[in-house]
Amino acid sequence: MTILVTGGAGFIGANFVLDWLAQCEEPVVNLDALTYAGNLDTLKSLDGDLSHIFVRGDIGDRELVGKLLAEHQPRAVINFAAESHVDRSIHGPGDFIQTNIVGTFNLLESVRGYWNELPTTQKQAFRFLHVSTDEVYGTLALDDAPFSETHRVEPNSPYSASKAASDHLVRAWHHTYGLPVLTTNCSNNYGPYHFPEKLIPLVILNALAGKPLPIYGDGQQIRDWLYVKDHCSAIRRVLEAGRLGETYNVGGWNEKPNLEVVHTLCALLDELSPRADGTSYSTQMTYVADRPGHDRRYAIDARKLERELGWKPAETFETGIRKTVQWYLANSGWVGNVTSGAYRTWVQKQYG
């Protein structure tokens with residue numbers, strides 16, 4: 001028994017691989033193109049572990065994917081592979097179209113060909129789980145109900161539009177070809193090994209480096225925050241018992257304005273790693289121009305996942321964010337490696 005994980009060197013994918021191999025002995029074939037967000041340092045603890053087979057490659061490479069499927073005969077494919085940063089999609093949408101839409105199409109076709117040739121018992125047991133985002137639903141007003149699985153899809157950025165398109169492809173391959181698929185749409189993840197262009201790791205690292213803490217617009221954009229290890233447990237549960245063709249929203253029940261998140265991070269850093277001059281890290285906060293088309297609020301209704309599969313997040317925002325800050329303080333080596341070269345160029349381009 002084996003699973004194939006795509007994008008397994010990225011933030012969520014790598015956390016999933018680490019959690020999976022800590023939970024069971026079933027091997028993982030890990031396919032990742034190692035773009036800017038892929039980082040093998042995250043998987044360093046698996047060096048020499050025969051249960052982890054890493055392959056560098058693209059989900060759009062049908063020859064490679066077909067070879068991996070034929071060789072390893074996985075019982076499931078979990079697709080994390082995606083271009084995933086809204087700001088990057090605004091600057092260069094082409095990569096998002098290529099990876100998230102064309103790449104997903106090619107992956108689905110490779111998997112369909114493999115699945116069609118499986119013996120009946122294996123064919124019935126096989127699963128394709130597609131990991132997506134709440135951003136496909138668009139934005140919410142302050143008094144709107146959270147996103148449910150039946151909410152209208154209204155993406156507002158090149159990133160979310162490309163992910164919505166990939167979700168539609170996955171759905172169509174189930175209804176047209178019978179491919180046994182599952183889809184999860186998660187809220188904003190945070191936790192260990194997060195690439196530091198996203199809000200939480202960016203604020204932690206800029207604070208410690210004495211740099212400005214950039215806040216878009218008025219900082220009142222609201223997000224639901226999901227600790228990454230909770231997300232991993234939800235995916236395992238959906239893979240295990242989810243109904244074929246269904247979508248499951250995964251959320252943390254932690255709606256927070258960005259400004260509150262930054263203040264919380266500053267307070268934790270003031271406690272755990274105070275500045276030498278005794279002042280608060282909050283003095284480094286600075287407001288920058290809002291990004292184009294910035295969605296005002298996301299919120300996930302995860303009751304379907306709880307009702308059908310018994311899943312609930314284990315972490316509150318308060319427990320998860322403390323663990324996250326402690327992890328970054330304790331892992332300066334990983335941080336130093338990931339924040340070199342191209343990343344510094346990107347931050348300079350985005351925030352000036």
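# Close-up views of a predicted model

**View 1. A salt bridge pairs Lys-323 with Glu-315.** At a relative accessibility of 37%, Lys-323 is classed as partly exposed. This view, like those that follow, shows a predicted model. Glu-315 has 16% relative accessibility and counts as buried. The cut-off for buried is under 20%. The two side chains meet at 2.5 Å, N to O.

**View 2. Arg-243 and Glu-246 belong to a network of salt bridges.** Lys-304 and Glu-308 are also linked in this network. Between Arg-243 and Glu-246, the closest N and O atoms are 3.5 Å apart. Arg-243 has a relative accessible area of 42% and is partly exposed. Glu-246, at 22%, also counts as partly exposed. The structure holds 19 salt bridges.

**View 3. Asp-301 meets Arg-303 in a salt bridge.** The N to O distance is 2.7 Å. Is Asp-301 buried or exposed? With 10% relative accessibility, Asp-301 counts as buried.

**View 4. Three strands make an open sheet.** Their order is 7-9-11, and the pairing is mixed. Strand 7 (188-190) and strand 11 (255-257) are the edge strands. Each has a single partner strand, so one side of each lacks a neighbour in the sheet. On average, neighbouring strands are turned by 50° against each other, direction ignored.

**View 5. Strand 9 pairs with strand 7 and with strand 11.** Strand 9 covers residues 222-227. Strand 7 and strand 9 run parallel, joined by three bridges. Asn-189 has Leu-226 as its bridge partner. Asn-188 stands opposite Trp-225. Strand 9 and strand 11 run antiparallel, again with three bridges. Here Asp-224 is partnered by Glu-255.

**View 6. The side chains of strand 9 point two ways.** In a regular strand, side chains alternate between the two faces of the sheet. Ile-222, Asp-224 and Leu-226 point one way. Arg-223, Trp-225 and Tyr-227 point the other way. How many of the six residues of strand 9 are buried? Six of the six are buried, so strand 9 is largely enclosed by the rest of the structure.

**View 7. Helix 8 is mostly covered.** Of its 14 residues, 10 are buried. Among them are Val-228, His-231, Ala-234, Ile-235, Val-238 and Leu-239. Asp-230 and Arg-236 are also on the buried list. From its first C-alpha to its last, helix 8 reaches 20 Å. That is close to the 20 Å expected at 1.5 Å a residue.

**View 8. The largest nonpolar core has 34 residues.** Nonpolar side chains tend to be buried together in soluble globular proteins. The residues with the most contacts inside this core are Ile-3, Val-5, Phe-16, Ile-78, Phe-80, Leu-129 and Leu-305. The elements that give two or more residues include strand 1 (3-6), strand 5 (127-133), helix 8 (228-241) and helix 10 (303-309). Which element gives the largest share? Helix 1 does, with eight residues.

**View 9. Leu-305 has contacts far along the sequence as well as a second core to compare.** Neighbours within four places in sequence are left aside here. Leu-305 is in contact with Ala-234, Val-238, Tyr-248, Asn-249 and Val-250. Gly-310 and Trp-311 are also contacts of Leu-305. Another core, of 28 residues, lies apart from the largest one. Ile-204, Ile-215, Tyr-281 and Val-325 are among its members.

Key. Residues numbered from 1 in each chain as written. Predicted model: local features only at pLDDT ≥ 70, side-chain atom pairs only at ≥ 80, totals over all residues. Heavy atoms only, no water. Pairing = 2+ DSSP bridges. Helix = DSSP H or I, 4+ residues; strand = E, 2+ residues; numbered from the N terminus. Axes fitted to C-alpha atoms, helices over the stretch in contact; angles between N-to-C directions. Core = buried A, V, L, I, M, F, W, Y, C linked by side-chain atoms within 4.5 Å. Buried < 20%, exposed > 50% of the residue type's maximum accessible area, 1.4 Å probe, protein only. Contact = heavy atoms within 4.5 Å. Salt bridge = Lys/Arg side-chain N within 4 Å of Asp/Glu carboxyl O. Expected span 1.5 Å × (residues − 1).
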